[in-house]
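Hi,

Here is the structure I promised to pass on. Have a look at it first, and then read my notes below.

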Amino acid sequence: MSTTTTGKRITVPDLIARKAATPITALTAYSAPMARRLDPYVDVLLVGDSVGMVLYGFDSTLPVTLEMMIAHGAAVVRGATRACVVVDLPFGSYQASPPVAFANAARVMAETGCAAVKLEGGAAMAETIRFLTDRGIPVMGHVGLTPQAVNVLGGYRARGRDEAESARITADAKAVAQAGAFTVVLEGVIESLARDITAALVIPTIGIGASPACDGQILVSDDLLGLFGTFTPRFVKRYAELGPMIEAAARAFAADVQARRFPGPEHCVSTAIAPATPAPPTPEQGISTP
Ligand code: KIV
């Protein structure tokens, strides 16, 4: 564990205070050991519904369930002591109505111990965001490229390339902020749009594929570590190549086992077995008194 851990958890108000100040750092995490590794270095650990694509091999985030998010969210909270942990509400768990969203978000908060939830959508979700924040649930918004709407958007291409789309995304971001969200993720939007939205909002923007104009940055950890597939989006910087390291380790293990080099003596329990102490004779064995 790094010495940079302070022991004090970063709170939602701490993040709001970072608007236009030191950039907010955020990474995804889905498990306790990974959370433990990342926690000393980032402000936010997002238990993203990207877990469905990254860990479960789904081709979209749509099959992710509330139970999956709760299990991964609780694991990340157990692994992190410093970062503000935010858990995604999965597709279908909040769109039906504000009360349904509240019931599911409250379950996520109570059963994981996270600090906030994230949900996708702009103006259409404003009433829901207001309903949750008025009832004690901090909400991180998410506009621009919203992966849960992939079937409506028709793919994962960058958003805001024409005026109408830019105006819609700006209105979405403003609606989310006015409804009480404490931050908003801007995903896959062009730089000028990210800059205008960031300047217009009083809450921090956190960008992914949205340029340095945002108040913070988030990446999917598996992308940054070189663990996820062969395709790397243009906006991802790979800080490590763990994929080839895992393959090399597995190859070396298999070769060692086949050549009987593993396990070696140092990996075995000692073969010297201590002689058993003879048990004292029982009365039935006839202890004779003189
Ligand atoms: O699900 C996720 O990981 C996300 C981030 C990409 C922002 O929503």
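**The ligand site**

An N or O atom in the side chain of aspartate 49 sits 3.0 Å from an oxygen atom of the ligand. Before you read too much into any one distance, keep in mind that this is a predicted model. Serine 50 also has a polar side-chain atom by the ligand, 2.5 Å from one of its oxygen atoms. For lysine 118, the distance from a polar side-chain atom to a ligand oxygen is 2.9 Å. On its own the ligand has 260 Å² of accessible area, and the protein covers 95% of that. If you want to display the surroundings, pick Thr28, Leu46, Gly48, Asp49, Ser50, Asp88, Lys118, His142, Ile208 and Val220.

**Two helices**

Next, have a look at helix H4, residues 66-79. With 14 residues at 1.5 Å each, H4 should span 20 Å, and its end C-alpha atoms are indeed 20 Å apart. How much of H4 is buried? The count is 11 of the 14 residues, so the helix is largely enclosed by the rest of the structure. The buried ones include Leu66, Met68, Met69, Ile70 and His72, and further along Gly73, Ala74, Ala75, Val76, Val77 and Gly79. Their cover includes helix H2 (32-38), strand E2 (44-47) and helix H3 (51-54), as well as strand E3 (84-88) and helix H5 (98-112).

Helix H8 covers residues 163-178, which makes 16 residues. From its first C-alpha to its last it reaches 22 Å, close to the 22 Å expected at 1.5 Å a residue. At the N-terminal end, aspartate 162 acts as a cap, with a side-chain oxygen 3.1 Å from the backbone nitrogen of alanine 164. After H8 comes glycine 180, with a positive phi near 110 degrees. The buried residues of H8 are Glu165, Ser166, Ile169, Ala173, Ala175, Val176 and Ala177. What do the buried residues of H8 pack against? Their partners are helix H6 (126-134), strand E5 (139-144), strand E6 (183-187) and helix H9 (191-200).

As a reminder for reading such patterns, an α-helix has 3.6 residues a turn, so residues three or four places apart point the same way.

**Cysteines**

You won't find a disulfide here: the structure holds zero. Cysteine 84 is in none, and the nearest cysteine sulfur, in cysteine 114, is 8.7 Å away. Cysteine 84 counts as buried because its relative accessibility is 1%. Why is cysteine 214 not bonded to cysteine 84? Their sulfurs are 18 Å apart, which is too far for a bond, and cysteine 84 holds the closest cysteine sulfur to that of cysteine 214. Cysteine 214 is buried as well, with a relative accessible area of 8%.

**Backbone oddities**

A few spots are worth a look if you check the backbone. Phenylalanine 262 and proline 263 are joined by a cis peptide bond, with omega at about 0 degrees. Proline 263 is in the segment after helix H11 (242-258).

Arginine 260 is also found in the segment after H11. Its phi is positive, near 55 degrees, although the residue is not a glycine. Serine 211 is another non-glycine residue with a positive phi, near 80 degrees, and its place is in the loop between strand E7 (205-208) and strand E8 (216-219). Are these two residues buried or exposed? Serine 211 is buried, with a relative accessible area of 17%, whereas arginine 260 is exposed at 75%.

**Two more residues to click on**

Threonine 128 lies in helix H6. Its relative accessibility is 4%, so it counts as buried. Leaving out residues up to four places away in sequence, threonine 128 touches Tyr94, Pro98, Ala101 and Leu119.

Aspartate 223 is in helix H10, residues 221-224. Its relative accessibility is 11%, so aspartate 223 counts as buried too. Again setting aside residues up to four places away in sequence, its contacts are Phe228, Val236 and Arg238. And to come back to the ligand site, aspartate 223 and aspartate 49 are 174 residues apart in sequence, while their C-alpha atoms are 15 Å apart in space.

Cheers

How values were computed. Residues numbered from 1 in each chain as written. Predicted model: local features only at pLDDT ≥ 70, side-chain atom pairs only at ≥ 80, totals over all residues. Heavy atoms only, no water. Helix = DSSP H or I, 4+ residues; strand = E, 2+ residues; numbered from the N terminus. Expected span 1.5 Å × (residues − 1). Buried < 20%, exposed > 50% of the residue type's maximum accessible area, 1.4 Å probe, protein only. Contact = heavy atoms within 4.5 Å. Disulfide = S-S within 2.5 Å. Near = heavy atom within 4 Å. Polar contact = N/O pair within 3.5 Å; in protein donor to acceptor, adjacent residues only side chain to side chain. Areas by Shrake-Rupley, 256 points an atom, 1.4 Å probe, with all protein chains shown as cover.
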